[in-house]
2 protein chains.
Amino acid sequence: MARTWEEKSGGVTAPQGFLAAGVAAGVKYKGRRDIALIFSEVPARAAGVFTTNLVKGAPVLVTMERIARGRARAVVVNSGNANTCNGEQGIRDARAMAQETARVLNIPEEDVLVASTGVIGQPMPMDRILPGIAAAARELSSGGGAAAAEAIMTTDTEPKETALSVTLSGYTVTIGGMAKGSGMIHPNMATMLCFITTDAAVSAPCLQEMLRHAVDRSFNMISVDGDTSTNDMVLALANGQAGNPEITAENEDYHLLRDALTEVCTRLARAVARDGEGATKLLEVKVINAASERDARLAARAVVASNLVKTAIYGQDANWGRIICAAGYSGAHFDPDRVDIYLGDIMVARDGVALSFDEEAASSVLAGREVRVLVDLKSGEYEATAWGCDLTGEYVNINASYRT
Amino acid sequence: MARTWEEKSGGVTAPQGFLAAGVAAGVKYKGRRDIALIFSEVPARAAGVFTTNLVKGAPVLVTMERIARGRARAVVVNSGNANTCNGEQGIRDARAMAQETARVLNIPEEDVLVASTGVIGQPMPMDRILPGIAAAARELSSGGGAAAAEAIMTTDTEPKETALSVTLSGYTVTIGGMAKGSGMIHPNMATMLCFITTDAAVSAPCLQEMLRHAVDRSFNMISVDGDTSTNDMVLALANGQAGNPEITAENEDYHLLRDALTEVCTRLARAVARDGEGATKLLEVKVINAASERDARLAARAVVASNLVKTAIYGQDANWGRIICAAGYSGAHFDPDRVDIYLGDIMVARDGVALSFDEEAASSVLAGREVRVLVDLKSGEYEATAWGCDLTGEYVNINASYRT
């Protein structure tokens, strides 16, 4: 199928009828944007995917409860404090953030979703957060996507946002998204924070299905450090302002929108992987010809998550033995004696055995800002791609002193 | 039960009737011991536990086949090359190592077990290894345990050996062991290389059961970097020279010997964790009052394996949120709102919520060479202990350029 996406600017405010803002409230640092607000001018359908960690942040618990209704109008987010392991007070604080947002926007409290990211187990500075929410509401604008994307950053080195449009039944529908990542990023979850907006008309159950599909192929295929956060969530709001016939079942529009949503999530997931804490390179691992999709996914994720693969990539060392080793313990089924491995376009192993290859050429593949690894299992017809980053001394530096 | 172990020196040569040697054959580096040989003067019972990685080194495949017979007299080991992903040639080379050992020791080839550790996917320098084996055989002695322990090291900074004796039915039985670890160390496997010798008389099936028990509580509870190697193996040889009545069923002697074997494995496992690549600290995580042994093990292993916990320990940052986060994604079942956490003797969280604690005291706990973490799940009566190390910039340095 030819892709008919058109690039857009504006992130979460690219779709019609969405406003956003990002302000500095001093949650953890002075003068750094740390409260983000997304607002739909009309009620929107809502869907969400959440962390699988047994320990969940208070905002996750509150938002999970609310998303079940399938509708929302606003998302309020703070960075600098995860509001996790704060007991009953944490739940009260997450609710208070929603209440204050509802009050200043004059909408029902249940229509507000809440997210937090930052340090675990420290009380929320509500005396700074609540005024921050009011300030964010005053700054809401149709150009506020970039400021909102900045406000959700923690150790991210750059904001992550994207937007594109697709034509559904003759109507132009736009999808925008923003995400934050950096550390505590690991597959098999709804990961980190990501907020998607679209002006498509789509039912809440369809939106939820599409989001699950997109997240499984994007955020659930990245790893920075193997740690699954307590606060991960991906939320999608669809306000129907594009005017397209509402999608309520699996028709052509459903697939067009789902593919576009998957593209938005994949772009943001790649951006999160590339900007992993301390990372200097994006690592893309594609596993092909697996016996099942599960095998392909397991193998791809194990390779991107391997500390030894990640350090070798950092060191530009074509140590492909670590790649097949990680695939071997991934739980995927395959015949080790049939595996071919490529670094970029250079074949380094055939049928599980070393080829003599040009070490210099391999090093120059590994010197790039993006390193592609292809693992051909030659045992079926399924494939999967995972993204990660190299492991550097800077990752250690960042995390040795994060809290203090 | 009162422990009646007596400390011994001599490592794998501490038990009666075992000789060992370690020589420099130039496998990878010049002038560094890299061939180890263990020899029992009489035929011995043998047991083994092997990597669960789908990709297995050639020596693993050869030794797994041979151990099924339950007997062996010699173990030959090289460091510097894992003999893995070398295809059919790898199998031929592993067999050739056994053949040469059998020839120089004048014993049947099937009585020789083989192990290799080092880089994956590079041909074995057999022209240097075979003469090395002959040289090792010439140097076999009852004081050769230390040289053998040195010869199996790769990035280890120190040799790891231990020995103790225990009284069984009035007979003094000695157990000795040596191990190498450092990188590619992760729970849920038979891990790295470890060789145990004992002069106890014990049947091969009982020895295998005891070894499985000991490994599950020791090597399978350590992690350095989350990567399960292709070459892990733990072998035990029992030659009966102590003269005790042969253990053939679960009697009092069985339990005494199993406990002593578990102690030997635990000491070596701790030594491997402490000497993890780049490590500056040993991390011991004990999970108590879990609903099942599985829950206790899962939680303890997830905490010691977490990159974020490991970097916080390195940075002496009492970031306990990362500890509960790791327990939360471990797969263990527990109520997050009941968890208590201690760093050393300092309680830092009660019922899943932060306590205000003395940050300086906590930092001084974390400044030690051994850091103990206690996680009380308060949901049952099972416990487990896992061992790991901190994650440092030096780990990255070592692994960014291991192969070259």
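Here is a walk through a predicted model, starting with how its two chains relate and then moving on to a sheet and some charged side chains.

Let's begin with the two copies. Take chain B, turn it by 180 degrees, shift it 0.0 Å along the axis, and it can be laid on chain A with an RMSD of 0.0 Å. The two copies are therefore related as by a two-fold rotation axis. Both copies also use the same surface, since 98% of the contact residues of chain B recur in chain A. If you want to find the axis by eye, look for G393(B): of the residues of chain B, this one comes closest to the rotation axis, with its C-alpha at 2.1 Å.

Now look inside chain A for a sheet. Six strands make up an open sheet here, and reading across it you meet them in the order β13-β12-β11-β14-β10-β15, with mixed pairing. Which strands stand at the edges? They are β13 (353–354) and β15 (382–389) of chain A; each has a single partner strand, so one side of each is left without a neighbour in the sheet. Further in, you can pick out one pairing to follow: β11 (residues 340–343) and β14 (residues 370–376) of chain A run antiparallel to each other and share four bridges. On that stretch, I341(A) sits opposite V375(A) in β14(A).

Next come the charges. Side chains of opposite charge can pair when their charged atoms come close. Over all chains, the count of salt bridges comes to 37. One of them joins D275(A) and K160(A), with N and O 2.6 Å apart. What does this pair tie together? D275(A) lies in the loop between α6 (252–274) and β10 (282–290) of chain A, while K160(A) belongs to strand β6 (residues 160–168) of chain A, so the salt bridge connects parts that are 115 residues apart in sequence. Both partners are tucked away: D275(A) is buried, at a relative accessible area of 6%, and K160(A) is buried too, at 2%.

Still in chain A, there is a network to trace: salt bridges link R270(A), R274(A), E284(A) and E370(A).

Hop over to chain B and you'll find a salt bridge within a single helix. R267(B) and E263(B) meet there, at 2.9 Å from N to O. Both belong to helix α6 (residues 252–274) of chain B, and because they are four residues apart, about one helical turn separates them. Are these two buried or partly exposed? R267(B) counts as partly exposed, at 22% relative accessibility, whereas E263(B) is buried, at 18%.

Another salt bridge in chain B reaches outside that helix. R270(B) pairs with E370(B), and their closest N and O atoms are 3.3 Å apart. This pair links distant parts of the chain, with R270(B) in helix α6 and E370(B) in strand β14 (residues 370–376) of chain B, 100 residues apart. E370(B) counts as partly exposed, at 39% relative accessibility.

One last stop is D253(B), which also has its place in helix α6 of chain B. How far away is the nearest side chain of opposite charge? That side chain is R258(B), 13 Å away, and D253(B) is buried yet has no salt bridge. Leaving aside residues up to four places away in sequence, D253(B) touches L168(B), S169(B) and I247(B).

Note on methods. Residues are numbered from 1 along each chain as its sequence is written. Chains are lettered from A and ligands numbered from 1 in the order in which they are written. This is a predicted model: local features need pLDDT of at least 70, side-chain atom pairs count only at pLDDT 80 or more; totals for chains, interfaces and linings use all residues. Side-chain values use heavy atoms; hydrogens and water are left out. A salt bridge is a side-chain nitrogen of Lys or Arg within 4 Å of a carboxyl oxygen of Asp or Glu. Helices (H or I, at least four residues) and strands (E, at least two) are DSSP runs, numbered from the N terminus. Buried means under 20% relative accessible area, exposed over 50%, partly exposed in between (1.4 Å probe, protein chains only). Two strands pair if DSSP finds at least two bridges between them. Lys and Arg count as positive and Asp and Glu as negative; His and the chain ends are not counted. Contact means heavy atoms within 4.5 Å. Copies are superposed by least squares on the C-alpha atoms of residues with pLDDT of at least 70 in both.
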